[in-house]
Amino acid sequence: MVTGNRSSTAARAPISRSSTGSTERHAKRVERPLEGRTILTGTTLAIECATPACSVALFDNGAMVAGVHEVLGRGHAERLVPMIAGLPDKGRADRIVVSRGPGSFTGVRIGIAVARALGFAWGAQVEGYPTLALVAAMARAEAGAAKPVTVCMNGGHGEWFVQDFDETGAAAGDALSLAPEAAAQRTVHRTIAGERAGELAALLPEGAHRAIDLLPDARHTQLLAEGTFAADTSPIYGRGPDAQPMSTSR
C-alpha cells in the first residue's frame, strides 16, 4: 500500500504543495515557462525524488504527455520504477533529466541511479538539474512574475538547505546547510519557497515575506531554463555525509 499524497496529471498540473495533493492524470499540455525560458525539446523523461515527494513526467517538445506526483516520505526505491513504467510507452524517451539534490541522500542517489540505468538501456541522453532550482522556478510561476526567490528546504539534522535565486531564475550563490537561526540572520528575499518556507518566514519580521509551501514536482520541469540542465549527474549533497570513516590506527 502506498502512503502519502498521490497526484497524477491531466491537462494542467497544479503547483505541488508539501502537505496536500490533487488527483489528475495524463496531461496533453501544461503552462509554458516564464518569458526567457526554453522549453524541453524532443521526448523527455523527468525524474524528481530528492525530497519526501517522488514524481515523474513525460514531455514531448515541452508539452507534458503524462505525470505522477506522490508525497511518500519514504519508499522512493520501491515506487520510482513502477511510476515510470506506468507512463505511456513505459516512460521511454530520447532524453532523461534527473534531480541532483540537495535533499535526501537516499532519494538523490535512487533518482540518479535509475536515470543512468534507463539512459544506458535506451541509449538516451541523461542530464541533471539542481533540486532547489526547480523549487524556485515553481515559486516564480505561482507568483506569476519574475521575482527573486529564497528557497528553504529540509536539510536534515535540524538544518535547512537555503539558496537564493535572482529574478531570471539563476542561482545567486551555492546552496547552504544552515541552522534555522543562521538562516534567519542572512538576507532573505521577500518570496520564500519550499517545505520550510513558512518556518523561515516566522523567524523574520512579521508580514515582510511571502512563504510558498511546496515540494519539487517533475511535472513542472519545463519551467527550468535550458541552461539549468547539465551532463553532470553527480549528486549535490549540500552537506557532509552522516557517517564519517573511522580513523585508521597506526
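**View A. The five-stranded open sheet of this predicted model.** Five strands make up an open sheet with mixed pairing, and their order is β9-β8-β7-β10-β11. At the edges sit β9 (176–178) and β11 (210–212), each of which pairs on one side only. If you compare neighbouring strands here, ignoring direction, they are turned by 30 degrees against each other on average.

**View B. The pairing of β7 with β8.** Let's zoom in on two neighbours from the sheet. Strand β7 covers residues 149–156 and strand β8 covers residues 159–165. They pair in the antiparallel sense, over seven bridges. For a handy landmark, look for Met-153, which stands opposite Phe-161 in β8.

**View C. Helix α3 across the sheet strands.** Here the helix joins the picture. Helix α3, made of residues 131–143, lies across β7, β8, β10 (191–193) and β11. Its direction is about 135 degrees to that of β7.

**View D. The salt bridge between Glu-142 and Arg-210.** Stay with the helix and the edge strand for this one. The side chains of Glu-142 and Arg-210 meet in a salt bridge, with an N to O distance of 4.0 Å. This pair links distant parts of the chain, since Glu-142 belongs to helix α3 and Arg-210 to strand β11, 68 residues apart. Are the two partners buried or exposed? Glu-142 is partly exposed, with a relative accessible area of 24%, and Arg-210 is also partly exposed, at 38% relative accessibility.

**View E. The salt bridge between Glu-226 and Arg-95.** A search of the whole structure finds eight salt bridges, and one of them joins the side chains of Glu-226 and Arg-95 at 2.7 Å, N to O. Glu-226 lies in the segment after β11 and Arg-95 in strand β5 (residues 95–99), so this contact ties together parts that are 131 residues apart in sequence. Arg-95 is buried, with a relative accessible area of 6%, whereas Glu-226 is partly exposed at 27%.

**View F. The salt bridge between Glu-199 and Arg-196, and a shared-partner network.** The side chains of Glu-199 and Arg-196 meet in a salt bridge at 2.6 Å, N to O. Both ends are partly exposed: Glu-199 has a relative accessible area of 35%, and Arg-196 comes in at 25% relative accessibility. Elsewhere, salt bridges that share partners join Arg-95, Glu-127 and Glu-226 into one network.

Key. Residues are numbered from 1 along each chain as its sequence is written. This is a predicted model: local features need pLDDT of at least 70, side-chain atom pairs count only at pLDDT 80 or more; totals for chains, interfaces and linings use all residues. Side-chain values use heavy atoms; hydrogens and water are left out. Two strands pair if DSSP finds at least two bridges between them. Helices (H or I, at least four residues) and strands (E, at least two) are DSSP runs, numbered from the N terminus. Axes are lines fitted to C-alpha atoms, for helices over the stretch in contact, and angles run from 0 to 180 degrees between N-to-C directions. Contact means heavy atoms within 4.5 Å. Buried means under 20% relative accessible area, exposed over 50%, partly exposed in between (1.4 Å probe, protein chains only).
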